[in-house]
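Q: Please take a close look at a single part of this model and the elements that surround it. I would like one connected account, with the cut-offs behind each term given along the way.

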Amino acid sequence: MSSLTVTSPSFANGGQIPLLHTGFGADCSPQLELSGLSSQAVSLAVVLCDMDHPIPAYPHWLIWDLPAAPVIPGNIPPGAALSALGGAVQGVAYGKNRYRGPKPPFHWSHRYHFTVYALDCRLSLPPTTRRRQLLAAMQGHILQQGQLAGHYR
């Protein structure tokens with residue numbers, strides 16, 4: 001599996017996620033940029049997890065069937081099916097069919113991981129899909145994966 005590097009113009013890997021991208025701000029998804037994306041990639045999926053939640057790797061956002069492109073745009077609107085993004089689908093996580101950014105309680109600091117998967121197919125899963133179902137459906141189809149980590153307090 002070749003390397004896939006995920007960055008964002010909004011924050012550095014391991015850096016603080018700006019208020020704009022949190023549940024305390026505008027709650028809009030950050031732009032994600034991919035370096036080294038395989039020419040064989042057919043679609044992309046993104047899973048955002050809170051790594052410090054009492055439920056391990058608590059999902060905040062699931063989106064799949066994104067076009068295989070070097071930039072995943074920011075401020076993706078809510079909704080199960082997104083025709084403007086090539087028919088991408090958002091599943092059920094903390095943000096049901098939408099991005100829900102960091103919102104740790106009591107001013108605690110939590111770590112968040114944006115994991116991007118480059119896939120050799122489209123998944124055609126329903127918008128009722130949850131994280132475990134998405135990960136299971138991707139098995140055997142992952143060409144690459146990369147991660148961008150951030151934290152918020």
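A: R132 is found in helix α1, where helices (H or I, at least four residues) and strands (E, at least two) are DSSP runs numbered from the N terminus. The model is a predicted one, in which local features need pLDDT of at least 70 and side-chain atom pairs count only at pLDDT 80 or more, whereas totals for chains, interfaces and linings use all residues. Residues are numbered from 1 along each chain as its sequence is written, and side-chain values use heavy atoms, with hydrogens and water left out.

With a relative accessible area of 73%, R132 is exposed; on this scale buried means under 20% relative accessible area, exposed over 50%, and partly exposed in between (1.4 Å probe, protein chains only). From R132 to Y117 the C-alpha to C-alpha distance is 15 Å, and the two are 15 residues apart in sequence.

R132 also belongs to the lining of the largest pocket, together with I55, P56, A57, Y58, P59, V92, A93, Y94, R130 and R131. Two or more of the lining residues come from each of β5 (58-67) and α1 (131-138). The volume of this pocket is about 220 Å³. Here a pocket is an open set of points on a 1 Å grid over the protein atoms alone, where a 1.4 Å probe fits and protein lies on both sides within 12 Å along at least five of seven lines, and lining residues have an atom within 4 Å of a point. Grid points are joined across faces, edges and corners, and the volume is the space filled by probe spheres set on the points. By class, the lining has eight nonpolar, no polar and three charged residues, with Ala, Val, Leu, Ile, Met, Phe, Trp, Tyr, Cys and Pro counted as nonpolar, Asp, Glu, Lys and Arg as charged, and the others, Gly among them, as polar.

The pocket leads on to β5, a strand that is mostly covered, since eight of its ten residues are buried. β5 belongs to an open sheet of seven strands with mixed pairing, in the order β2-β10-β9-β4-β5-β8-β7. β2 (15-16) and β7 (81-82) are the edges of this sheet and have a single partner strand each, so one side of each is left without a neighbour in the sheet. Two strands are taken to pair if DSSP finds at least two bridges between them. On one side, β5 pairs with β4 in the antiparallel sense over seven bridges, and V47 stands opposite L62 in β5. β5 also pairs with strand β8 (residues 88-90), again in the antiparallel sense, over two bridges, and W64 stands opposite V89 in β8.

β4 is in turn joined to β9 by eight bridges, and these two strands run antiparallel. Here S43 stands opposite L119 in β9. L119 lies in β9 (residues 110-119) and counts as buried because its relative accessibility is 0%. Leaving aside neighbours within four places in sequence, L119 is in contact (heavy atoms within 4.5 Å) with Q40, A41, V42, S43, A45, M138, H141, I142 and L143. L119 and S2 are 117 residues apart along the chain, and their C-alpha atoms are separated by 12 Å.

The same strands can be followed into the interior. The largest nonpolar core, a set of buried Ala, Val, Leu, Ile, Met, Phe, Trp, Tyr and Cys residues joined through side-chain atoms within 4.5 Å, has 25 residues, and those with the most contacts inside it are L32, V46, I63, L66, I72, F114 and V116. At least two residues of this core are supplied by each of β3, β4 (43-50), β5, β9 and β10 (142-152), and β9 gives the most, with four residues. Apart from this core lies another, of 14 residues, among them V47, C49, Y117 and C121.

L32 and I72 lead to a further open sheet, in which three strands are arranged in the order β1-β3-β6 with antiparallel pairing. Its edge strands are β1 (5-7) and β6 (71-72), each pairing on one side only. Strand β3 (residues 32-35) pairs with β6 over two bridges, and L32 stands opposite I72 in β6. β1 is joined to β3 by three bridges, with L34 as the bridge partner of V6. In a regular strand the side chains alternate between the two faces of the sheet. Along β3, L32 and L34 point to one face and are buried, while E33 and S35 point to the other and are not.
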